[in-house]
Amino acid sequence: MLTLRFLSIAAAILACIAAARGEDLPSKPGVPVVLSSKLAGDVLWVVLDGEQDLIAIDRKHLKDAATYIAVPQRPGLVRVQAIGIDDGKPAFELFRVKVEGLTPGPPQPPTPPEPTPTPPVPPVAKLTVLIVEESSRRSALPASQIAAMTSPEVRGWLNDKCGVNGWRLLDKDTDVSKASEWWQQAMAVPRTGLPWIVISSATQAYSGPLPATVAEVLALLKKYGG
């Protein structure tokens, strides 16, 4: 429970202490507002409207009956009346608390970390590459992409990094049931189009559409194969 000392410090910092008749006292949801009456006697505080929008601080911690502390819960206008004695006669003061801003929402749970994506194919000790095409439709591809699959520059790089048996250019209907497990898994990787490329090394893997030019294919291969 909040202590009187804490409330006093909060009031000073927030500059919420006020003693006024009918003036609008600015506040925000969740920020304590301190009302101070000039009336004497055992001042009675009454929330005229918006009572559900204020949570009053337990008054037993306050030695001064002329002080009222509450925490606004949502935007709006709340009227609070102080009833006491002024010059020996019953009197009252009216305070208008104008609460502006957003209503504080419930605390949000921490965002769970993103799951680590599953590699499309298992890692292999040496760089291995599969390019899948539909050979019957090769002629319909742009000339630049045909070159990306067949150019001596690309094939020379693959032979050098993968070895002649470490890369393949296969038709999508090629039977790989007798090939090693990696080739079977690479051929089974989901594809959204053709031609498609699957790359795997000891530490990383890639599966995606084959880039459209020789330069882009080489850049992709070097990214995963050094």
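Glu 133 sits in strand β8, which covers residues 128-133. Helices and strands here are DSSP runs (helices: H or I, at least four residues; strands: E, at least two), numbered from the N terminus. One thing to keep in mind is that this is a predicted model, where local features need pLDDT of at least 70 and side-chain atom pairs count only at pLDDT 80 or more, while totals for chains, interfaces and linings use all residues. Residues are numbered from 1 along each chain as its sequence is written, and side-chain values use heavy atoms, leaving out hydrogens and water.

**Glu 133 and its neighbours**

Is Glu 133 buried or exposed? Glu 133 is buried, as its relative accessible area is 5%. (Buried means under 20%, exposed over 50% and partly exposed in between, with a 1.4 Å probe and protein chains only.) Leaving out residues up to four places away in sequence, Glu 133 has quite a list of contacts: Arg 138, Met 149, Leu 169, Leu 170, Asp 171, Lys 172, Leu 194 and Pro 195. Contact means heavy atoms within 4.5 Å.

**A helix with a buried face**

Met 149, one of those contacts, belongs to helix α2 (residues 143-150), where Gln 145, Ala 148 and Met 149 are buried. Looking down the axis of α2, you'd find these buried residues within an arc of 95°, so they line one face of the helix. (The arc is that of the directions from the helix axis to the C-beta atoms.) What do the buried residues of α2 pack against? Their partners are β8, α3 (152-162), β9 (167-171) and α5 (214-225).

**Two residues of helix α3**

Val 154 lies in α3, and so does Lys 161. Here they are next to Glu 133:

| Residue | Element | Relative accessible area | State |
|---|---|---|---|
| Glu 133 | β8 | 5% | buried |
| Val 154 | α3 | 1% | buried |
| Lys 161 | α3 | 33% | partly exposed |

Setting aside neighbours within four places in sequence, Val 154 is in contact with Ala 148, Val 214, Val 217, Leu 218 and Leu 221. Val 154 and Ala 215 are 61 residues apart along the chain, with their C-alpha atoms separated by 8.9 Å. Lys 161 touches Lys 126, Leu 127, Gly 225 and Gly 226, again not counting residues up to four places away. Between Lys 161 and Leu 221 there are 9.6 Å from C-alpha to C-alpha, though they are 60 residues apart in sequence.

**The nonpolar cores**

The largest nonpolar core has 20 residues, and those that touch the most other members are Val 129, Val 154, Leu 158, Ile 197, Ile 199 and Leu 221. (A nonpolar core is a set of buried Ala, Val, Leu, Ile, Met, Phe, Trp, Tyr and Cys residues joined through side-chain atoms within 4.5 Å.) Two or more residues of this core come from each of β8, α2, α3, β10 (196-200) and α5. Which element gives the most? That's α5, with 6 residues. Leu 158, for its part, is in contact with Val 129, Gly 163, Trp 167 and Leu 221, leaving aside neighbours within four places in sequence. There is also a second, separate core, which has 18 residues, including Leu 35, Leu 39, Leu 54 and Val 78.

**Two open sheets**

Strand β8 belongs to an open sheet of 4 strands in the order β9-β8-β10-β11, with mixed pairing. (Two strands pair if DSSP finds at least two bridges between them.) At the edges are β9 and β11 (205-209), each pairing on one side only. β8 and β10 pair in the antiparallel sense over 5 bridges, and Val 132 has Trp 196 in β10 as its bridge partner. Helix α3 packs on the sheet, where it touches β8 and β9.

Another open sheet has 4 strands in the order β1-β7-β6-β3, and its pairing is mixed. Its edge strands are β1 (24-27) and β3 (40-49); each has a single partner strand, so one side of each is left without a neighbour in the sheet. β1 and β7 (residues 89-99) run parallel, joined by 4 bridges, and Asp 24 stands opposite Arg 96 in β7.

**Zooming out**

Overall, the protein has 5 helices and 11 strands. Of its 226 residues, 38% are buried. Among contacts between residues at least 6 apart in sequence, 62% join residues at least 24 apart.

Key:
The arc is that of the directions from the helix axis to the C-beta atoms. Axes are lines fitted to C-alpha atoms, for helices over the stretch in contact, and angles run from 0 to 180 degrees between N-to-C directions.
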